[in-house]
Amino acid sequence: MITSALSAARENHDAAMSMDESITAWALAARGGDADAVEHFVRALHLDVTRYVAHLCGDPQAADDLAQDTFLRALGSLHRFEGRSSARAWLLSIARRAVIDSYRHASARPRLSDVPDWQLAVEHAQPRDLPGFDDGIALLDLLESLPEERREAFILTQLVGLPYGEAAEVSDCPVGTVRSRVARARSALMDLLDESERPALQAA
């Protein structure tokens with residue numbers, strides 16, 4: 001059931017918070033020139049960055065390039081990272097700027113096509129053949145119907161696993177706003193879930 005995907009999202013949130021200390025330590029070690037720490041840092045956050053930029057950019061073909069651009073920017077800026085926030089929040093802030101810059105660049109030149117399918121890119125970034133994978137895709141279908149700001153807040157806190165304070169930093173808004181957006185997203189998702197399951201219950 002899709003409810004299992006929501007439960008999995010909460011579990012992902014808890015696991016991500018427990019990993020943040022290790023990831024931040026790797027970023028600090030990478031800043032000092034530790035090549036192994038660089039590899040651990042990139043590997044630990046690559047999926048989160050790809051999911052996030054796919055959600056923001058709306059172009060599945062650009063998600064991988066934007067993720068790569070994000071890491072190039074981050075590795076070039078590691079000397080300025082001091083660990084005051086988690087490395088995950090710091091990196092997702094860079095990802096957000098990379099997407100904004102890509103919009104500015106794209107607006108300066110004609111586009112051959114416009115593919116508003118961030119969901120497809122997120123699906124490609126999901127690990128397959130795992131329990132609950134189909135439920136996860138169904139959850140993405142429901143997420144697509146949410147307003148953009150609520151969807152971003154939900155993805156940052158419930159799927160990527162950022163604490164609310166750090167999600168607020170990434171989104172450049174007050175933490176109370178993030179909490180409100182997540183609460184409204186949860187409520188809307190539960191309503192949509194009830195609607196999607198009602199025909200099946202009636203048929204039974």
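Biologist: Good to sit down with you over this one. What does the secondary structure of the protein come to, in helices and strands?

Modeller: The model is predicted, and its secondary structure comes to nine helices and zero strands. Read along the sequence, that gives the pattern α-α-α-α-α-α-α-α-α.

Biologist: How much of the protein is made up of buried residues?

Modeller: Buried residues account for 44% of the 204 residues. The cut-off for that word is a relative accessible area under 20%.

Biologist: And what share of the contacts with a separation of 6 or more comes from residues 24 or more positions apart?

Modeller: Such residues make up 70% of those contacts.

Biologist: Let's turn to helix pairs. Why is α2 called oblique to α3?

Modeller: Helix α2 (residues 35–57) and helix α3 (residues 63–77) pack at an angle of about 135°, with their axes 8 Å apart. Roughly antiparallel needs an angle over 145, and roughly perpendicular covers 65 to 115. An angle of about 135° fits neither class, so α2 is oblique to α3. As for handedness, α2 passes α3 in a right-handed crossing.

Biologist: Which residues of α2 and α3 meet there?

Modeller: From α2 come V38, F41, V42, L45, H46, V49, T50, V53, A54 and C57, and they meet A63, D64, L66, A67, T70, F71 and L75 of α3. By class, this contact has 13 nonpolar, three polar and one charged residues. D64 is the charged one, as Asp is in that class.

Biologist: What makes α2 and α7 earn their label for relative direction?

Modeller: Their axes come within 11 Å and cross at roughly 175°. The bound for roughly antiparallel is over 145 degrees, so α2 is roughly antiparallel to α7. The contact is made by R51, Y52, H55 and L56 of α2 with E148, R151, E152, I155, L156 and L159 of α7. Those residues divide into five nonpolar, one polar and four charged.

Biologist: How do you know which class the pair α7 and α8 belongs to?

Modeller: The axes of helix α7 (residues 148–159) and helix α8 (residues 164–171) come within 10 Å and cross at roughly 140°. An angle must be over 145 to count as roughly antiparallel, and 65 to 115 is the range for roughly perpendicular. Roughly 140° belongs to neither, and α7 and α8 are therefore oblique to each other. The crossing of α7 past α8 is right-handed. On the α7 side the contact uses E152, L156, T157 and Q158, and on the α8 side Y164, A167, V170 and S171. These divide into four nonpolar, three polar and one charged.

Biologist: E152 of α7 caught my eye. Is E152 buried or exposed?

Modeller: The relative accessible area of E152 is 5%, and the limit for buried is under 20%, so E152 counts as buried. E152 is found in helix α7. Leaving out residues up to four places away in sequence, E152 touches Y52, H55, L56, R96 and S171.

Biologist: Which residues of α8 are buried?

Modeller: The buried residues of α8 are E166, A167, A168, V170 and S171.

Biologist: And what is noteworthy about phi of D172?

Modeller: D172 comes just after α8, in the loop between α8 and α9. Its phi is near 60°, a positive value in a residue other than glycine.

Biologist: Is D172 buried or exposed?

Modeller: Exposed means over 50%; D172 has 69% relative accessibility, so D172 counts as exposed.

Biologist: What about C173: buried or exposed?

Modeller: C173 lies in the loop between α8 and α9 (175–203). With a relative accessible area of 16%, C173 is buried, as the limit is under 20%. C173 touches A168, V178 and R181, not counting residues up to four places away in sequence.

Biologist: One last residue. How do you know whether R88 is buried or exposed?

Modeller: R88 is found in helix α4 (residues 87–107). Its relative accessible area is 4%, and under 20% counts as buried, so R88 is buried.

Biologist: What does the side chain of R88 make a polar contact with?

Modeller: It pairs with the side chain of D48 at 2.2 Å. A polar contact needs N or O atoms within 3.5 Å, and 2.2 Å meets that cut-off.

Terms used:
Residues numbered from 1 in each chain as written. Predicted model: local features only at pLDDT ≥ 70, side-chain atom pairs only at ≥ 80, totals over all residues. Heavy atoms only, no water. Axes fitted to C-alpha atoms, helices over the stretch in contact; angles between N-to-C directions. Helix = DSSP H or I, 4+ residues; strand = E, 2+ residues; numbered from the N terminus. Parallel < 35°, antiparallel > 145°, perpendicular 65-115°, else oblique. Left-handed = near helix turned anticlockwise from the far one by under 90°. Contact = heavy atoms within 4.5 Å. Buried < 20%, exposed > 50% of the residue type's maximum accessible area, 1.4 Å probe, protein only. Polar contact = N/O pair within 3.5 Å; in protein donor to acceptor, adjacent residues only side chain to side chain.
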